[in-house]
Amino acid sequence: MEDNRQVEEGSSLLDILRLLLSKIKYLILAVLVGGILGGCFAIWKTIDINHFGTRVEFYVNPEKPEESAGSSSGVAAGGSQYGVYGAYGQHVMDNMIRLLSSESFAEQLILNGKILPGKTYTVTDSKGVEKEFPWFSNNETNAQFCALYEAAEPLLAEVARAEKDYNSALEIKAKAVRNANEKLRTLNQEWVPLYNGGQVKSSTFKLEEYLTYKDKHGGVPTNLEAAYNAYTIAQNDVSIEQTNVENAELAWKVAKKAAYEPQSENEKLGAVEKVLEFWRTSSAYASQLSRYKSCVSYSYLESAPTDDSDTSKLARSFIYVRISVLNKDGEKGTAIANDILTRVKNVVPVYVAENMTVPDGYVGTNCQRISRMDGIHQTDPNYTRNQAIKHGILFAALFFVVACVVVIIIDKSDKRLRDQEVITRMFNVPVLGIVPTIDELVAESAAKKKSANKTKPEVK
């Protein structure tokens, strides 16, 4: 019984194969139609779609301390705790790539290095014309945003002024320090004769020895005393400028506290944070955030690793930023890509320098763009053709399967008995004879004549 079922099933599969081969012309036609329709569909959908972008390379390395080898920094000149000078470890680069790929950094790209967004945002239309739109579509909501913005602006202006005063105080103090150092060098020069004469023990000026010498000899040489007085005045100037720096720094902190920190227990956020939090609730913000996250990618590998060993190498000194903007729905792809490129150039170096983990013994991180031929260009000139080929193959395969199913269903729905093997299998009786059709008789007769002509001896 089982053997009979297997024979019947095998016979059924062969019947299906014979059926499909007998209809091969229709199947080929279905494949051709499917391929053509799929290609036409892809061309229609992608004829105006292109990708515009580029790749920007940044070199990153830990900055050497100014001290020479053997200094208290603990890092010899030209050495590195990371094996190769200027290279960061994989875990450091992984963390930086995560930061660059975050929503927080995408927001920094929107801000383009500024503290607050503008009161409006810019959109480039299909003709490349920039138009400004309010962040909120609701007039009342946008008015609330502008009111918060206007309240924060004077506080930020005060922060900028206080920061400028602080930097100015630092510059003045630096000049005073340089002057004091110059006076100290002069004082040391006047001190050397006393040391060479064996009247003092130190080769450089020491206040204790200076006072001891003065008491012992009832005074000091005129040039030395003048140098000492000049140095004392210069040191006093440094102290005064240090006080000015501390006062300027305090004023700067007070200004930042007013702008960024709550003014009372009832206020949850500072003025600047209120504007930012309100801005983040706009649909335009969400749309731009999504754009910058989808159009920009970051890596410290120039290309995808071919094996696991490539990702384990320690020497990592480059960050690659890839920009790819899909031009569709009437947007001007090149204009958007150029805008993103400008923001990447402005923001990435500052952000990396401020947030990269600094190894012990180093003073900071240097990040600079080293690519120059990184203008925006079309990255996939064959996009439409590739899509047409892909959709053509998919549609052709789909039409082939559907055509096979249709042929089998039509054949199974035909209840006529057209095969002697089927009759024998269904009724379990032998077939005594078959009446041939006219076409079969004609074909058989032609075959016999052809065979007879081949076997007939040639007449010489």
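Strand 1 and strand 6 (residues 364-369) pair in the antiparallel sense over six bridges, where strands are DSSP runs of E with at least two residues, helices are runs of H or I with at least four, both numbered from the N terminus, and two strands count as paired if DSSP finds at least two bridges between them. The model is predicted, so local features need pLDDT of at least 70 and side-chain atom pairs count only at pLDDT 80 or more, while totals for chains, interfaces and linings use all residues. Residues are numbered from 1 along each chain as its sequence is written, and side-chain values use heavy atoms, with hydrogens and water left out.

**Strand 1 and its partners**

- Because eleven of the 14 residues of strand 1 (residues 50-63) are buried, this strand is largely enclosed by the rest of the structure; buried means under 20% relative accessible area, exposed over 50%, and partly exposed in between, with a 1.4 Å probe and protein chains only.
- In strand 6, R369 is the bridge partner of F58.
- Strand 5 (residues 318-327) also pairs with strand 1 in the antiparallel sense, over ten bridges, and L326 in strand 5 is the bridge partner of H51.

**Nonpolar cores**

- The largest nonpolar core, a set of buried Ala, Val, Leu, Ile, Met, Phe, Trp, Tyr and Cys residues joined through side-chain atoms within 4.5 Å, has 62 residues, of which L100, W135, I319, I340, V344 and V352 touch the most other members.
- Helix 11 (residues 333-355) gives this core its largest share, nine residues.
- A second, separate core has eleven residues, including L194, V200, F205 and A227.
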